[in-house]
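The exercises below ask you to read a model step by step, with the sequence and the 3D structure at hand. Try each task on your own before you go through its solution.

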2 protein chains.
Amino acid sequence: MGRPKQFDPDVAVERAMGVFWRKGYAATTPQDLVDEIGIGKGSLYNAFGSKHALFELALARYRDSQAAWLEALLDHPGSARDRLRGALEALVALDLGDPDRRGCMAVNTAAESAPSDTGTADTVRMMFARTESAFRATVEAGQRAGEIDGGRDAAAVAAWLLATVIGMRVLAKTDRDGTQLRRVVDAAMGAL
Amino acid sequence: MGRPKQFDPDVAVERAMGVFWRKGYAATTPQDLVDEIGIGKGSLYNAFGSKHALFELALARYRDSQAAWLEALLDHPGSARDRLRGALEALVALDLGDPDRRGCMAVNTAAESAPSDTGTADTVRMMFARTESAFRATVEAGQRAGEIDGGRDAAAVAAWLLATVIGMRVLAKTDRDGTQLRRVVDAAMGAL
DNA sequence: CTTGTTTTGTACCTGTGATTCAAAAACATT
DNA sequence: AATGTTTTTGAATCACAGGTACAAAACAAG
């Protein structure tokens with residue numbers, strides 16, 4: 001059945017994800033990719049077809065891992081408010097801990113490519129929808145537990161939390177010391 | 001004093017702003033720019049030096065016009081809450097009214113270029129700071145008027161409003177019918 | 001009307017982006 | 001060992017990005 005691959009495509013997608021994440025789609029060159037992945041151009045195009053196809057794989061992988069990460073965080077034991085605060089603080093720590101300050105790959109992609117690239121826009125929308133759903137479930141749990149005002153529209157609160165998080169992840173790219181981000185978390189939790 | 005320019009540099013910067021705004025920095029070519037501005041390449045490079053220099057001018061123009069627009073909105077008569085809601089709704093209308101769904105050029109730039117391009121990152125930070133200041137002044141006015149809880153940290157609330165707006169402008173690029181955006185406004189005002 | 005200055009249009013150039021191709025290499029099957 | 005299939009390597013391709021060079025053109029000053 002032919003010569004076996006000398007590299008793991010999953011690893012290659014993951015490395016590609018790192019490059020696209022840091023540099024953005026348009027600014028990433030095939031040379032950047034082969035340098036990072038450690039394979040030849042022929043192998044890359046044989047395996048993935050095009051830069052854009054590889055990007056879609058990388059973005060889908062980002063979406064899945066990121067969404068799972070957030071969902072796991074919100075699924076922790078504890079009160080709904082604590083879980084929400086914990087998730088926001090974890091996001092702040094994640095963004096501030098990244099020496100490259102890449103922010104969120106989905107947000108970056110939305111800003112760079114949507115709506116002209118409908119394929120990636122769909123993937124981004126999908127991730128936003130998953131995030132919003134996770135927030136909504138937590139908010140509704142908080143309402144049932146009496147921690148959050150039941151009169152509020154949970155769907156609207158979830159959309160607002162999503163917007164807050166997206167904004168934070170953009171701010172993470174320009175905020176140097178993180179005070180701005182921490183303020184956002186405090187004010188958001190105070191407003192909840 | 002030499003041959004006079006056959007084009008208005010201000011108009012040229014404004015048109016360049018439109019192209020960069022729609023396509024992003026990396027994806028915009030000098031050819032795109034001369035096509036849109038309607039001048040030759042020689043004139044473009046003679047007048048502006050480089051693609052990047054022109055981008056900085058375009059971004060600075062965006063920052064000034066956008067910040068002034070928001071400040072004027074928040075400076076309207078009426079209660080602080082009404083002014084805040086009015087500003088958010090105006091932003092929603094602005095974003096949904098754009099057939100290209102370009103969102104906010106500063107946000108797009110932050111996502112695409114910060115923090116690797118420190119020059120543009122500074123311009124973006126400057127615009128964020130102006131926006132945050134305008135929000136803060138409005139929030140403080142609301143606190144003095146008793147419309148907003150005086151116990152809240154106005155700076156934190158302003159940062160949180162900034163994050164909310166940034167998030168909305170990213171969502172504007174993927175949200176098709178605008179229901180998501182309107183929900184964000186409702187929930188944010190309800191939480192204030 | 002000459003001179004000096006600045007702009008303009010066109011041609012040009014170098015590098016690289018994205019992709020393809022040919023041929024050799026590494027397997028499985030028979 | 002011969003064959004068929006798939007991958008790898010590395011060169012080659014082709015267009016275009018980003019910018020430069022230069023001569024002609026359009027002005028002001030004297």
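**Exercise 1. Describe the interface of chain A and chain B.**

Step 1. Begin with the residues: 39 residues of chain A are in contact with 39 residues of chain B, where contact means heavy atoms within 4.5 Å. Keep in mind that this is a predicted model, in which local features need pLDDT of at least 70 and side-chain atom pairs count only at pLDDT 80 or more, while totals for chains, interfaces and linings use all residues. Residues are numbered from 1 along each chain as its sequence is written, chains are lettered from A and ligands numbered from 1 in the order in which they are written, and side-chain values use heavy atoms, with hydrogens and water left out.

Step 2. Turn to the area, which is about 3,200 Å² buried between chain A and chain B, with carbon and sulfur atoms giving 67% of it; buried area is the accessible area (1.4 Å probe) that two parts lose on being put together, summed over both.

Step 3. Look for polar pairs across the interface of chain A and chain B, where the rule finds eight residue pairs in polar contact, both residues being at pLDDT 80 or more. A polar contact is a pair of N or O atoms within 3.5 Å; within protein, one must be able to donate a hydrogen and the other to accept it, and residues adjacent in sequence count only if both atoms are side-chain atoms.

Step 4. Find the elements involved: helix 6 (105-113), helix 7 (118-144), helix 8 (154-171) and helix 9 (179-191) of chain A each supply at least two residues of the side that touches chain B. Helix 8 of chain A gives the largest share of that side, 13 residues. Helices (H or I, at least four residues) are DSSP runs, numbered from the N terminus.

Step 5. Sort the side of chain A that touches chain B by class, and you obtain 24 nonpolar, six polar and nine charged residues. Here Ala, Val, Leu, Ile, Met, Phe, Trp, Tyr, Cys and Pro count as nonpolar, Asp, Glu, Lys and Arg as charged, and the others, Gly among them, as polar.

**Exercise 2. Work out how the two copies are related.**

Step 1. Two copies of a chain are related by a rotation about an axis and a shift along it.

Step 2. A turn of 180° and a shift of 0.0 Å along the axis lay chain A on chain B with an RMSD of 0.1 Å, which is the relation of a two-fold axis. The copies are superposed by least squares on the C-alpha atoms of residues with pLDDT of at least 70 in both.

Step 3. Since 100% of the interface residues of chain A are also interface residues in chain B, the copies meet through the same surface.

**Exercise 3. Trace the surroundings of DNA strand C.**

Step 1. Of the 22 residues around DNA strand C, those that come nearest are Met1(A), Pro30(A), Lys51(A), Gly2(B) and Gln6(B); a residue is near a strand if one of its heavy atoms lies within 4 Å of it.

Step 2. Examine the bases, where an N or O atom in the side chain of Arg3(A) is 3.3 Å from a base nitrogen of DNA strand C, and a polar backbone atom of Arg3(B) is 3.1 Å from a base oxygen.

Step 3. Examine the phosphates as well: a polar side-chain atom of Ser43(B) lies 3.1 Å from a phosphate oxygen of DNA strand C.

Step 4. Helix 3 of chain B gives the most to the surface near DNA strand C, with three residues.

**Exercise 4. Repeat the reading for DNA strand D.**

Step 1. DNA strand D is surrounded by 21 residues, of which Gly2(A), Arg3(A), Gln6(A), Met1(B) and Pro30(B) are the closest. Of the atoms of DNA strand D that come within 4 Å of the protein, sugar and phosphate account for 69%.

Step 2. A base oxygen of DNA strand D is 3.2 Å from a backbone N or O atom of Gly2(A), and a polar side-chain atom of Lys41(B) lies 3.2 Å from a base oxygen.

Step 3. A phosphate oxygen of DNA strand D lies 2.9 Å from a polar side-chain atom of Lys5(A).

Step 4. With three residues, helix 3 of chain A gives the most to the surface near DNA strand D.
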